[in-house]
Every structure is written in C-alpha cells, then in structure tokens.
Amino acid sequence: MSPPIVSVRDLKVHFPIRSGLLGRVTDHVRAVDGVSFDLMPGKTVAIVGESGSGKSTTGYAVMGMQEPTAGQILIDGRDRTQMSPTERMATMRRLQIVFQDPASALNPRMSAAESIAEPLQIHRIGTARDRRERVMELLDLVGLPHSAAGKLPREFSGGQKQRIVIARALALEPQAVICDEAVSALDVSIQSQILNLLLDLQSRLGLAYIFISHDLSVVRHIADHILVMQAGKVVEQAATDEIFNAPKDTYTRQLLEAVPKL
Ligand SMILES: Nc1ncnc2c1ncn2[C@@H]1O[C@H](COP(=O)(O)OP(=O)(O)OP(=O)(O)O)[C@@H](O)[C@H]1O
C-alpha cells in the first residue's frame, strides 16, 4: 500500500492570549490540541465540527501556513521541519487549498485565464503558449467553456467562480487539495454540483482531499474517513459509514441530529 501523503501526529497549535498594558501572555487558546490522522492517496478525510473547533487551523498547519506549537506533519513520510527550502517549495506544489469564498479568492481585475495561469507563472512553468493550452485543459476539467477564459470574476456566478478557483488549485497538478468550507457559501443545488465535480476530479486525477466543513450532511457523500473536532480535540474519528451508523461520541450524535433528514 502507498504511504500516506500527509501524516499528522499529535499536532498542537496554541495561540497566546495577551492582556494588561504590557501585553503579557496570560493564557493560550488551544486551537488544535493533539490531532492525529493520515491522508492516503486518492482518499478524502473530512474534518467536521462547529465554528472555532480548530478545523481551519489544522488545515493551515498541514499547508505550512501556520507554524505548529508541537507535533509532527509528515508529507510523503518526510517531516516538514527537516526539509530544505527547495523541498518545502516542492511540497507547496503538491498540496493546494481552496477557501470558502471564491469571490475574495479571485482578483476582480484578472480574467479567469490569468487567475488560472498565475501559479504556473509564479513557478515559471512553460511558455506563454503552453500556459494558454493548460488553461484550456483546466477549464475543460472543471466543466467551464473556453469562452470563460477572457471573462472577469464579476461575470460568473458563485459556483462558476469556485470552478475557476478549483482550476487554479489544479494548475500545479497537486496530489492533495484542502477544501476549507469550499461549498459553504454556495446554494444547496450548486453545492452538490461542486461536490460532484470534486468526486469526478478525484476519480480522474487520483486526488486526495482534506475536506473541512461544519456540516456533516455535506461530507457524507465525499468522505472516506471523518474526524469530529470539538475545542481543538478529535472526539471521534472513523470511517464515514461508522460515524453515520454507529457514532460513539455524544458530540458526534449532536452533530448528526442537526443533519436534515432526507
Ligand atoms: N491567529 C489566531 N490568533 C488567535 N486565535 C486564533 C487564531 N486563529 C484561530 N484562532 C482561534 O483558534 C480557534 C480555532 O479556530 P479555527 O478557525 O481553526 O476554527 P474552525 O473550526 O475552523 O472555525 P470556523 O469554521 O469558524 O473557521 C478559535 O477559538 C479561534 O478564535
């Protein structure tokens, strides 16, 4: 079996709380407090929990956007803190993140093609012509017409904007994408279109996802494995069927009760 793309071991991210005139550190917010999980190639791990439970902070730490207080993050079995700057750069290409709000993720003055090609330009990949071709491939991949290339973000709906953001995230051919509430800002019918797109991309490209959501109903059809977080800790983690059919933790049961019955 292939090794995990990402292994998180006893991850802690604590933020200092400062108070008084001198701004002394009087306490810490234990945003993430001992989280462990593995992300296998081509699989989806969902992280669920209510607002403030530490889901995004976990995702940022995996991306290298947030320094851990303690614990280990292994990318393909290698500890990020032991990597050279070049290796860290390569890791950045292999992991991408898609945020909740596609409107703020896109520069309003850049066309869809410019936004999608931006990572290729930053990493100096291909000629201008290669990049144009790659943009067209990526538009096909996310189900947008080639005519979208020259349009500005304001000319697209929310769902179409999120497709552009996904195309940009795929430009560098990542192995894993962190979806941080990636469908939460969309209408329910558009949410399911984007979830289907993510599933389709997973089966075509072998992508792995860390899918962060406050909503268990959203992760049901996409996740292989679910971590339930509360106040920085994982209260339960298991295969998706087990979480839905035989939840062990009281908090997981409460979250399940909030899921609309179909
Ligand atoms: N940079 C920071 N400095 C101080 N506290 C922070 C910082 N980032 C997050 N926190 C705190 O850490 C806790 C976890 O936040 P986090 O955003 O990871 O939760 P979440 O589960 O993703 O919630 P949401 O869905 O609302 O973003 C919260 O109490 C938050 O206020």
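Thr44 of strand E3 stands opposite Tyr209 in strand E8. The two strands, E3 (residues 44-48) and E8 (residues 208-213), pair in the parallel sense over 5 bridges. This is a predicted model. The protein holds 10 helices and 10 strands. Its radius of gyration is 19 Å, close to the 18 Å that the globule rule gives for 262 residues, so the protein is as compact as a globular protein of that length.

**Strand E3**

- All of E3 is enclosed to a high degree: 5 of its 5 residues are buried, so the strand is largely enclosed by the rest of the structure.
- In a regular strand, side chains alternate between the two faces of the sheet.
- Both faces of E3 are covered. Thr44, Ala46 and Val48 are buried on one side. Val45 and Ile47 are buried on the other.
- Besides Thr44 and Tyr209, the pairing with E8 sets Ala46 opposite Phe211.
- E3 also runs parallel to strand E9 (residues 225-230), and 4 bridges join them.
- In that pairing, Ile47 stands opposite Leu227 in E9.

**Strand E8**

- For E8, 6 of the 6 residues are buried, so this strand too is largely enclosed by the rest of the structure.
- Neither face of E8 is left uncovered. Ala208, Ile210 and Ile212 are buried on one side, and Tyr209, Phe211 and Ser213 on the other.
- E8 has parallel pairing with strand E7 (residues 176-180) through 5 bridges.
- Ala176 stands opposite Ala208 of E8.

**Antiparallel sheet**

- An open sheet of 4 strands has the order E2-E1-E4-E5, with antiparallel pairing.
- E2 and strand E5 (78-79) stand at the edges. Each has a single partner strand, so one side of each is left without a neighbour in the sheet.
- Strand E4 (residues 70-75) and E5 pair in the antiparallel sense over 2 bridges.
- Ile75 stands opposite Arg78 in E5.

**Ligand shell**

- The residues around the ligand are Phe15, Val29, Ala31, Gly49, Ser51, Gly52, Ser53, Gly54, Lys55, Ser56, Thr57 and His214.
- Two elements give two or more residues to this shell: strand E2 (24-39) and helix H1 (55-63).
- H1 supplies the largest share, 3 residues.
- By class, the shell divides into 3 nonpolar, 8 polar and 1 charged.

**Val62 in helix H1**

- Val62 lies in helix H1.
- Val62 counts as buried because 27 C-beta neighbours fall inside 10 Å, against a cut-off of 20 or more.
- Leaving aside neighbours within four places in sequence, Val62 is in contact with Val6, Val8, Ile73, Leu95, Ile178 and Ile210.
- Val62 and Val8 are 54 residues apart in sequence, yet 7.8 Å apart in space, C-alpha to C-alpha.
- Among the contacts of Val62, Ile210 is one of the buried residues of E8.

**Positive phi outside glycine**

- Asp10 has a positive phi of about 50 degrees although it is not a glycine.
- Asp10 sits in strand E1 (residues 6-19).
- Asp10 is exposed, with 12 other C-beta atoms within 10 Å. That count meets the exposed cut-off of 12 or fewer.
- Arg124 also has a positive phi of about 50 degrees and is not a glycine.
- Arg124 belongs to the loop between helix H4 (112-122) and helix H5 (128-141).
- Arg124 is exposed, with 6 other C-beta atoms within 10 Å.

**Whole chain**

- The C-alpha atoms fill a box of roughly 55 × 50 × 50 Å, taken along the principal axes.
- Buried residues make up 37% of the 262 residues.
- Of the contacts with a separation of 6 or more, 68% come from residues 24 or more positions apart.

**Record annotation**

- UniProt, in an unreviewed entry, lists residues 17-256 as "domain: ABC transporter".
- Over residues 17-256 the chain is 40% helix and 25% strand.
- The end C-alpha atoms of that stretch are 33 Å apart.

Technical notes
Residues numbered from 1 in each chain as written. Predicted model: local features only at pLDDT ≥ 70, side-chain atom pairs only at ≥ 80, totals over all residues. Near = placed C-beta within 6 Å. Nonpolar A, V, L, I, M, F, W, Y, C, P; charged D, E, K, R; others polar. Rg over C-alpha atoms; globule rule 2.2 N^0.38 Å. Contact = placed C-beta atoms within 7 Å. Pairing = 2+ DSSP bridges. UniProt positions renumbered as here; feature names shortened; annotations may be inferred.
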